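Reader: I'm new to reading structures. Could you walk me through some of the terms with this one?
Author: Happily; let's take a look together.

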Amino acid sequence: VILEAWKHGIPCVVPSVGGIPEIVKNNFTGILYDGYDVEDILSKINNIKQNYAFFSRNCSEAVKEFSFENIKSKWNDVIKY
């Protein structure tokens, strides 16, 4: 879902669980949160709203890293070794 959002330039406020922190660069392509404090999450959403152009631009660029061609190229490098 994160990559689909990024494809359209939409940043995310997401929990810092599982592999999400490996994808989302905190305060660059989205904002991570640890607890489920509603006020804290709303604050993070407002931060994105106030800096939407910055986050949107970063998302649009970051999603390119996960393109089929890029992933294929990385797998080809792994298979060669």
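Author: Asp 37 caps the N-terminal end of helix α3. This is a predicted model, where local features need pLDDT of at least 70, side-chain atom pairs count only at pLDDT 80 or more, and totals for chains, interfaces and linings use all residues. Residues are numbered from 1 along each chain as its sequence is written, and side-chain values use heavy atoms, with hydrogens and water left out.

Reader: What makes Asp 37 a cap of α3?
Author: One of its side-chain oxygens lies 3.0 Å from the backbone nitrogen of Glu 39. A polar contact is a pair of N or O atoms within 3.5 Å, where one must be able to donate a hydrogen and the other to accept it, so the 3.0 Å pair fits that distance limit.

Reader: Why is Lys 44 called buried?
Author: Buried means under 20% relative accessible area, with a 1.4 Å probe and protein chains only. Lys 44 has 17% relative accessibility, so it counts as buried.

Reader: Which residues of α3 are buried?
Author: They are Ile 41, Lys 44 and Ile 48. Seen down the helix axis, they fall within an arc of 60 degrees (taken from the directions from the axis to the C-beta atoms), so they line one face of α3.

Reader: What covers the buried residues of α3?
Author: The cover includes β1 (12-15), β2 (30-33) and α4 (52-62). Contact here means heavy atoms within 4.5 Å.

Key
Buried means under 20% relative accessible area, exposed over 50%, partly exposed in between (1.4 Å probe, protein chains only). Helices (H or I, at least four residues) and strands (E, at least two) are DSSP runs, numbered from the N terminus.
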